[in-house]
Amino acid sequence: MMRVVSNNDDDDDVNIDKVKGNLDYYASRVKGGMRELVSTLSRYRDPTSNALPKWTKTIRLHGATMNDHADSTLSYLVEHVGCELETRNEDMINTALHHGILWAAVNAIHYLLFKGADFNSISGDGLNPIALAERRLLRLKSSTELSKEEKDKALEKTTHIVNLLKEISVATSYRKWARVHTKSKHVEKYFP
């Protein structure tokens, strides 16, 4: 358990693992979450250099990814805090990309791949991203727990993810795929 003292003299020793967990949760909330992210991180900035401590690079991106906040908290954590794309969660041992696939977070998946997430990383249960997406698709097809509308929407998003990942595999990288798919709304947004 890592303990440090923040730059705020009013704080006692702080359990950084707990702070990082809170930051992951704030990132999942988007509107109020962004305010909480910025506020919490500001307490740890060096008052002289305005730099964040090294531990902030390992804040998990899973909450922001799960809720598909590519344009807000996810991009803030990656671009302004410098969070590592390959940080894994403790329970499932998955990266943010794996988590995005499990939750069919299409925008977050495009964003993470554009930023350089490891397309070949193996999930905690031993699957590459394509196999993980295909497993999700098979489970959805046999699901009886969703309404027809929910199931159709989930199938559409997951089919998009499976096709995207297969096409990227053939192209060998997201950036090479993007150069061919310039009309994709995601490419226009993240890779103009």
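Student: In this predicted model, how far apart are the closest N and O atoms of the salt bridge that E79 forms with K115?

Tutor: The structure is a predicted model, and the distance is computed from its atoms. A salt bridge requires a side-chain nitrogen of Lys or Arg within 4 Å of a carboxyl oxygen of Asp or Glu. E79 and K115 form such a bridge, and their closest N and O atoms are separated by 3.7 Å.

Student: Which parts of the chain does the pair of E79 and K115 tie together, and how many residues apart are they in sequence?

Tutor: E79 belongs to helix 4. K115 belongs to helix 6, which spans residues 106-115. The pair therefore ties together parts whose separation in sequence is 36 residues.

Student: Is E79 buried, partly exposed or exposed?

Tutor: Buried means under 20% relative accessible area and exposed means over 50%, with partly exposed in between. The relative accessibility of E79 is 45%, so E79 counts as partly exposed. Its partner K115, with a relative accessible area of 33%, is also partly exposed. For E79, the class is thus partly exposed.

Student: Which residues of helix 4 are buried?

Tutor: Helix 4 is mostly covered, with seven of its nine residues buried. The cover over these buried residues includes helix 1, helix 2, helix 3 and helix 6. The buried residues are T73, L74, S75, Y76, L77, V78 and V81.

Student: What phi does G82 take just after helix 4?

Tutor: G82 directly follows helix 4. Its phi is positive, with a value of about 85 degrees.

Student: Which residue forms a salt bridge with R60, and is that residue buried or exposed?

Tutor: The side chains of D24 and R60 meet at 2.7 Å, N to O. D24 lies in helix 1 (residues 16-29) and R60 in the loop between helix 2 (31-42) and helix 3 (62-66), so the pair ties together parts 36 residues apart in sequence. The relative accessibility of D24 is 7%, and because buried means under 20%, the partner of R60 is the buried residue D24.

Student: How many residues apart are K189 and D71, which form a salt bridge?

Tutor: The closest N and O atoms of K189 and D71 are 2.4 Å apart. K189 lies in helix 10 (residues 185-190), whereas D71 lies in the loop between helix 3 and helix 4 (73-81). The pair links distant parts of the chain, and the two residues are 118 residues apart.

Student: What is the relative accessible area of D71?

Tutor: K189, the partner of D71 in the salt bridge, counts as partly exposed at 46% relative accessibility. D71 is likewise partly exposed, and its relative accessible area is 49%.

Student: How many salt bridges does a search of the whole structure find?

Tutor: The pairs discussed above include D24 with R60 and K189 with D71. Another is E79 with K115. Over the whole structure, the number of salt bridges found is six.

Student: Which helix gives the most to the lining of the largest pocket?

Tutor: The largest pocket has a volume of about 170 Å³. Its lining consists of L102, L132, R135, R136, R139, L140, S143, E145 and L146. By class, four of these residues are nonpolar, one is polar and four are charged. The greatest contribution, five residues, comes from helix 7 (residues 129-142).

Student: Which element has the lowest mean pLDDT?

Tutor: The protein averages a pLDDT of 89, and 92% of the residues score at least 70. Over residues 1-12, however, the pLDDT is below 50, although this stretch has 26 contacts in the model beyond near neighbours in sequence. Among the elements, helix 7 has the highest mean pLDDT, 97, while the lowest, 42, belongs to strand 1 (residues 3-4).

Student: Where does T172 lie, with its phi near 80 degrees?

Tutor: The phi of T172 is a positive value in a residue other than glycine. At 57% relative accessibility, T172 counts as exposed. Its place is the loop between helix 8 (148-171) and helix 9 (174-180).

Student: What is the phi of N50, in the loop between helix 2 and helix 3?

Tutor: N50 is partly exposed, with a relative accessible area of 49%. N50 is a residue other than glycine, and its phi is positive, near 65 degrees.

Technical notes: Residues numbered from 1 in each chain as written. Heavy atoms only, no water. 1 Å grid on protein atoms, 1.4 Å probe; cavity = no way out; pocket = protein on both sides within 12 Å on 5 of 7 lines; lining within 4 Å. Points joined across faces, edges and corners; volume = space filled by probe spheres on them. Helix = DSSP H or I, 4+ residues; strand = E, 2+ residues; numbered from the N terminus. Nonpolar A, V, L, I, M, F, W, Y, C, P; charged D, E, K, R; others polar. Buried < 20%, exposed > 50% of the residue type's maximum accessible area, 1.4 Å probe, protein only. pLDDT = per-residue confidence, 0-100. Contact = heavy atoms within 4.5 Å.
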